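I opened the notebook to record what I looked up, one topic at a time.

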Number of protein chains: 2
Amino acid sequence: MAGTGRSPLAEDVEATVESILSEMRAEGGRVTTGRRAIVRSLVAASDHHVTADDLAARVQADHPDVHRSTVYRTLDSLEALGVLHRIPFGVGGAVYHLVDHAHHHLVCTRCGSVVEAPAGLFTPIAAQVEAETGFSLDRAHVMISGVCAACRGTPR
Amino acid sequence: MAGTGRSPLAEDVEATVESILSEMRAEGGRVTTGRRAIVRSLVAASDHHVTADDLAARVQADHPDVHRSTVYRTLDSLEALGVLHRIPFGVGGAVYHLVDHAHHHLVCTRCGSVVEAPAGLFTPIAAQVEAETGFSLDRAHVMISGVCAACRGTPR
DNA sequence: CACCTTACTGCAATAGAGTCGCACCTGGAA
DNA sequence: TTCCAGGTGCGACTCTATTGCAGTAAGGTG
């Protein structure tokens with residue numbers, strides 16, 4: 001998928017959108033205009049993270065009649081379906097991304113910026129953590145917080 | 001609680017409280033009844049994490065006239081002072097702990113429970129992360145999210 | 001000890017993220 | 001075409017956290 005990385009081509013987007021929608025349908029869900037628009041925005045933005053609010057704004061640009069709560073509910077469904085990850089943290093609300101685009105998240109607790117880390121980075125540690133604490137790191141869903149380089153330079 | 005002899009003795013608590021309060025005073029801050037109560041609760045709870053709400057409840061049990069906003073503001077001051085860490089995440093608000101009690105936090109994104117990890121666990125990786133991404137992990141302030149053992153057993 | 005500056009506090013209003021109940025609508029199978 | 005369960009819009013509500021303001025009191029000074 002989107003082999004060349006950054007900006008997804010229109011056909012790729014549509015193909016991915018349809019594949020996700022048919023997954024929803026297969027699970028007994030229904031495909032509505034709103035859901036299609038939401039999934040499309042999500043796929044189109046797959047090279048970075050979006051907040052729910054952000055996403056609602058994008059969707060409403062094309063479909064002003066799609067309500068905020070619909071966005072939240074659809075996001076919920078997608079997460080339940082396993083195609084979407086929600087990364088909750090305190091600075092400015094949760095961010096979402098497709099599992100397709102799995103990686104770790106380095107979240108700055110001061111400015112809220114999210115830096116991506118290679119997905120394999122913590123694999124060696126995962127086993128140790130699990131052995132010592134019983135806590136299982138979901139490899140596609142790890143978020144590490146700390147302070148980004150920019151904020152470390154700033155006194156506060 | 002933490003059977004490993006970690007339950008703080010009353011004298012230890014008072015000593016720690018006074019040392020923190022005198023730090024506040026040294027920085028030009030003032031020591032009030034409310035602040036003393038807040039710091040005391042914080043120290044008394046030092047073997048686990050507390051939310052602001054939690055802390056407000058504990059403080060108000062003894063001092064009903066201490067307002068929530070005072071708790072938040074005191075927490076802020078303590079963080080600015082560098083004696084307190086705030087770990088923000090989406091499930092049920094931020095948790096706090098004294099820097100004294102440094103460790104990593106494994107936060108379950110489903111149930112919000114916090115498991116502690118040995119503080120040295122990620123040291124070897126920190127260098128690699130910094131080299132590859134420019135992101136500096138604050139070793140005393142790292143939070144890893146994932147799914148705890150209990151929640152992994154649960155379908156959803 | 002009385003005084004005075006100003007940090008701190010209580011309160012209430014506010015903001016932002018997210019959830020929920022309810023009546024109405026509609027996708028899609030029969 | 002019909003039918004109905006799943007989806008939607010709307011708005012009110014919850015929960016965490018912040019802020020402005022006026023009053024209070026900590027603690028240094030004389």
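The entries below go from the sheet to its core and then to the DNA.

**Entry 1: the model.** I am working with a predicted model, and I keep that in mind for every entry that follows.

**Entry 2: the sheet.** I looked up the strand order first and found an open sheet of six strands, which runs β5(A)-β4(A)-β6(A)-β6(B)-β4(B)-β5(B) with mixed pairing. I then asked which strands stand at the edges. They are β5 (114–117) of chain A and β5 of chain B, and because each has a single partner strand, one side of each is left without a neighbour in the sheet. From one strand to the next I noted a twist that averages 25°.

**Entry 3: strand β4 of chain B.** I went on to β4(B), residues 104–108, and checked both of its pairings. With β5(B), residues 114–117, the strand runs antiparallel, and four bridges join the two; within this pair I found Val107(B) opposite Val114(B). With β6(B), residues 143–146, the pairing is parallel, again over four bridges, and here Met143(B) is the bridge partner of His105(B).

I also asked whether the residues of this strand are buried or exposed. Five of the five are buried, so I recorded the strand as mostly covered, taking as the cut-off 20 or more other C-beta atoms within 10 Å. Both faces are covered: one side carries His104(B), Leu106(B) and Cys108(B), the other His105(B) and Val107(B), and all of these are buried.

**Entry 4: the core.** I looked for the largest nonpolar core and found one of 24 residues, in which Leu106(A) and Leu106(B) have the most contacts. The elements giving two or more residues to this core are β4 (104–108) and β6 (143–146) of chain A, together with β4 and β6 of chain B. For Leu106(A) I listed the contacts, leaving aside neighbours within four places in sequence: in chain A they are Val114(A), Val115(A), Ala117(A), Ile144(A) and Gly146(A), and in chain B they are Val129(B), Thr133(B) and Phe135(B).

**Entry 5: around DNA strand C.** I finally turned to the 26 residues around DNA strand C, of which Ser69(A), Gly93(A), Gly29(B), His67(B) and Thr70(B) come nearest. At least two residues of this surface are supplied by each of α3 (52–62) and α4 (68–81) of chain A and α2 (33–44) and α4 (68–81) of chain B. I noted that α4(B) gives the most, with four residues. Sorting the surface by class gave five nonpolar, 14 polar and seven charged residues.

Notes: Residues numbered from 1 in each chain as written. Chains lettered and ligands numbered in written order. Predicted model: local features only at pLDDT ≥ 70, side-chain atom pairs only at ≥ 80, totals over all residues. Buried ≥ 20, exposed ≤ 12 C-beta atoms within 10 Å, placed from the backbone. Pairing = 2+ DSSP bridges. Near = placed C-beta within 6 Å. Nonpolar A, V, L, I, M, F, W, Y, C, P; charged D, E, K, R; others polar. Axes fitted to C-alpha atoms, helices over the stretch in contact; angles between N-to-C directions. Core = buried A, V, L, I, M, F, W, Y, C linked by C-beta atoms within 7 Å. Contact = placed C-beta atoms within 7 Å.
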